[in-house]
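Student: I have a new model open and would like to learn how to read it. Could we start with a single residue and work outwards?

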Amino acid sequence: MSKVSKVSTASAESAERTVSAKSAESANKSEMISQTGSEKGQPGDIIGEKIILRPMTLDDTDLIVTWRNKDIVRKNFIYQKPFTPEGHQHWFHTMIDTGKAKQFIVCEKINGSSHDVRPVGSAYLRDIDYEFSKVEFGMYIGEQDAHNKGYGTEITTLITEYAFKVLKLHKVFSRIFADNIPSIKSCLKNNFIKEAYLRDEVKLEGRYRDIVLVALFDDSNG
Ligand SMILES: CC(C)(COP(=O)(O)OP(=O)(O)OC[C@H]1O[C@@H](n2cnc3c(N)ncnc32)[C@H](O)[C@@H]1OP(=O)(O)O)[C@@H](O)C(=O)NCCC(=O)NCCS
């Protein structure tokens with residue numbers, strides 16, 4: 001099922017524009033992507049119903065390193081080596097500064113307010129491929145008490161909308177461990193399809209792990 005919503009977008013590279021968003025059912029709950037830093041949020045913020053995605057800065061390094069090294073997060077990623085501030089700063093300069101990736105801090109709204117928020121995790125689009133119009137999506141919530149509140153589903157809605165309507169990409173895909181039910185569900189609830197099942201794709205801590213490839217397409221972006 002897809003519905004149409006109106007969001008106004010702001011990003012470093014885009015002027016204010018109103019776009020029609022084809023996405024999952026909850027997409028039409030997203031309020032806006034703020035352009036001006038009005039009372040609705042800061043420039044570049046993507047404002048949803050329960051969460052806000054704000055662009056990650058270098059000041060978020062400690063948060064990222066702490067979250068990404070927690071077992072609840074790390075064990076769900078193929079790359080499982082410890083994150084360091086230096087390693088993250090290298091990622092920032094080579095991927096974010098160059099525009100090869102976009103990364104956001106996921107902030108939960110406290111009492112529904114866009115002003116009173118708590119950072120709980122991160123979401124990113126990496127290896128943006130403008131030639132083939134596709135990108136890989138990843139996310140994590142590093143605060144355990146913020147799990148299972150619908151944030152993963154809403155992150156997926158908001159970031160795919162951003163990929164399609166702001167970056168104008170055609171395909172968003174994700175590689176997910178086959179036993180990662182919350183992540184797979186977050187994608188399927190946003191109309192992702194399962195593209196492939198890769199058996200014994202990686203060996204981690206002495207155990208082979210299966211991976212599911214999921215993807216969402218926007219046919220209006222050729
Ligand atoms: C993946 C992740 C972001 C999902 O976020 P979330 O906010 O917990 O997800 P949601 O609350 O939107 O839940 C999505 C679905 O998963 C279900 N779910 C959530 N936690 C679950 C759990 N521990 N066990 C089983 N199902 C669970 C929810 O019930 C919901 O399904 P439903 O709508 O049928 O009820 C979060 O689990 C996480 O950060 N995990 C660690 C990092 C990770 O796995 N990242 C993805 C790597 S590909």
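**From one residue to the ligand shell**

Tutor: Happily! This is a predicted model. Ile159 counts as buried because 24 C-beta neighbours lie inside 10 Å, and the cut-off for that label is 20 or more.

Student: Where in the secondary structure is the place of Ile159?

Tutor: Ile159 sits in helix α4.

Student: Which residues does Ile159 touch, not counting those up to four places away in sequence?

Tutor: Its partners on that count are Leu53, Ala123, Leu125 and Phe137. As for Met139, 20 residues away along the chain, its C-alpha atom is 9.8 Å from that of Ile159.

Student: Now the whole protein, please. How many of its residues count as buried?

Tutor: Of 222 residues, 33% are buried. The protein has five helices and 11 strands. Among contacts with a separation of 6 or more, 55% join residues 24 or more positions apart.

Student: And the ligand: which residues come nearest?

Tutor: The shell has 25 residues, of which Asn76, Gly152, Thr153, Pro182 and Lys185 come nearest to the ligand.

Student: Which elements each supply at least two residues of that shell?

Tutor: Those are α2 (71-74), β8 (134-141), α4 (151-166), β9 (171-177) and α5 (181-188). The most comes from α5, with five residues. You have met α4 already, as the helix that holds Ile159.

Student: How do the shell residues divide by character?

Tutor: Around the ligand there are 10 nonpolar, 12 polar and three charged residues.

Conventions
Residues numbered from 1 in each chain as written. Predicted model: local features only at pLDDT ≥ 70, side-chain atom pairs only at ≥ 80, totals over all residues. Helix = DSSP H or I, 4+ residues; strand = E, 2+ residues; numbered from the N terminus. Buried ≥ 20, exposed ≤ 12 C-beta atoms within 10 Å, placed from the backbone. Contact = placed C-beta atoms within 7 Å. Near = placed C-beta within 6 Å. Nonpolar A, V, L, I, M, F, W, Y, C, P; charged D, E, K, R; others polar.
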